[in-house]
Amino acid sequence: MSKTLVIGANGQIGQKLVKRLVERGHPVRAMVRNTEQERALSALGAEVVTGDLEGDFESTLDDCDALVFTAGSGPKTGLDKTLLVDAWGAAKTINAAVDKGIRRYVMVSSRGAANPDFGPEAIKPYCVAKHMADHYLTTSILDYTILRPGRLLDEPATGRFRTQRPEAKDEQVITREDTADAIVYCLEREHTIHQIYELYQGHEGLEEALGE
């Protein structure tokens, strides 16, 4: 079975994703920035490696067959980190995947990446960074899937999805648990290659929302 590298494995979605992949029997390599983050991911059953998107990380891709990018600069950092991690960091992982011969790539983006001019002004730089990273990925040779979840919630998984954006802003939400499930679904199904999906809570299972 193919080995998946999760970049951003220590993040809230990343940890949930690693747990799910291991439970489903997927070999998982989890990239973290420092050794203090290793213990929890190792306990989940992942192979943990250290790498830094702003420095050296290319060797973490060795012997992997798929890559999931779910890293982010976070809301407490400045615009410099947004640029260096969410835009340039993502672009470097795309380049590295091409160089290493990895074809499968799943990007966790944002609903605001489609058109940053229509998103909240407060996170517009983040949405611009995500937009540019998504565009760079779609012009690469990789077998990509881009997921653009709505506002993320720390609630239990619902198992119910929709890909059409709700009109009401308070309905443009999805749990991190459901987002992790959607990533696994995409990794396991070739029909999701070269697709971009927005993700929200809805009334459909993944098979209905993303196709079988």
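Start by selecting Val-68 and Val-106: Val-68 stands opposite Val-106 in strand E5. Before going on, note that this is a predicted model, in which local features need pLDDT of at least 70, side-chain atom pairs count only at pLDDT 80 or more, and totals for chains, interfaces and linings use all residues. Residues are numbered from 1 along each chain as its sequence is written, and side-chain values use heavy atoms, with hydrogens and water left out.

**Stop 1: the strands around Val-68**

Helices (H or I, at least four residues) and strands (E, at least two) are DSSP runs, numbered from the N terminus. Two strands pair if DSSP finds at least two bridges between them. E4 and E5 pair in the parallel sense over four bridges. Now add Val-6, which stands opposite Val-68 in E4; E1 and E4 also pair in the parallel sense, over four bridges.

Show the side chains of E4 next. Are its faces covered or open? Both are covered: Ala-66 and Val-68 on one side, and Leu-67 and Phe-69 on the other, are all buried (under 20% relative accessible area; exposed is over 50%, partly exposed in between, with a 1.4 Å probe and protein chains only). In a regular strand the side chains alternate between the two faces of the sheet.

**Stop 2: the whole sheet**

Zoom out to see eight strands forming an open sheet of mixed pairing, in the order E3-E2-E1-E4-E5-E6-E10-E8. Its edge strands are E3 (47-50) and E8 (161-162), each of which pairs on one side only. E8 is joined by two bridges to E10 (residues 195-201), and these two run antiparallel. Select Phe-161 to find its bridge partner in E10, Gln-201.

**Stop 3: helix H1**

Select residues 12-23, which make up H1, a helix of twelve residues. Ile-13, Gly-14, Leu-17, Val-18, Arg-20 and Leu-21 are its buried residues to colour. Why are they on the same side of H1? They cover an arc of only 170 degrees around the axis, which puts them there; the arc is that of the directions from the helix axis to the C-beta atoms. Just past the helix, Gly-25 has a positive phi, near 85 degrees.

**Stop 4: the largest nonpolar core**

A nonpolar core is a set of buried Ala, Val, Leu, Ile, Met, Phe, Trp, Tyr and Cys residues joined through side-chain atoms within 4.5 Å. The largest has 31 residues, of which Leu-17, Val-18, Leu-147 and Ile-183 touch the most other members. Helix H5 (176-187) is one of the elements that each supply at least two residues, and H5 gives the most, with seven.

Centre on Ile-183. Not counting residues up to four places away in sequence, Ile-183 touches Ile-13, Leu-17, Val-68, Val-106, Val-108 and Leu-147, where contact means heavy atoms within 4.5 Å. Apart from this core lies another, of 24 residues, among them Leu-67, Ile-94, Tyr-144 and Ile-146.

**Stop 5: helix H4**

Move to residues 124-138, the 15 residues of H4. Its buried residues are Cys-127, Ala-129, Lys-130, Ala-133, Asp-134 and Leu-137. They cover an arc of only 160 degrees around the axis, which puts them on the same side of H4. These buried residues pack against E4, helix H3 (79-100), E5 and strand E6 (143-149).

**Last stop: two loops**

Finish with Asp-63, in the loop between E3 and E4. Its phi is near 70 degrees, a positive value in a residue other than glycine, and at 66% relative accessibility Asp-63 counts as exposed. Then pick His-194, in the loop between H5 and E10. Phi of His-194 is positive too, near 65 degrees, while its relative accessible area of 43% makes His-194 partly exposed.

Methods. The expected span of a helix is 1.5 Å times one less than its number of residues.
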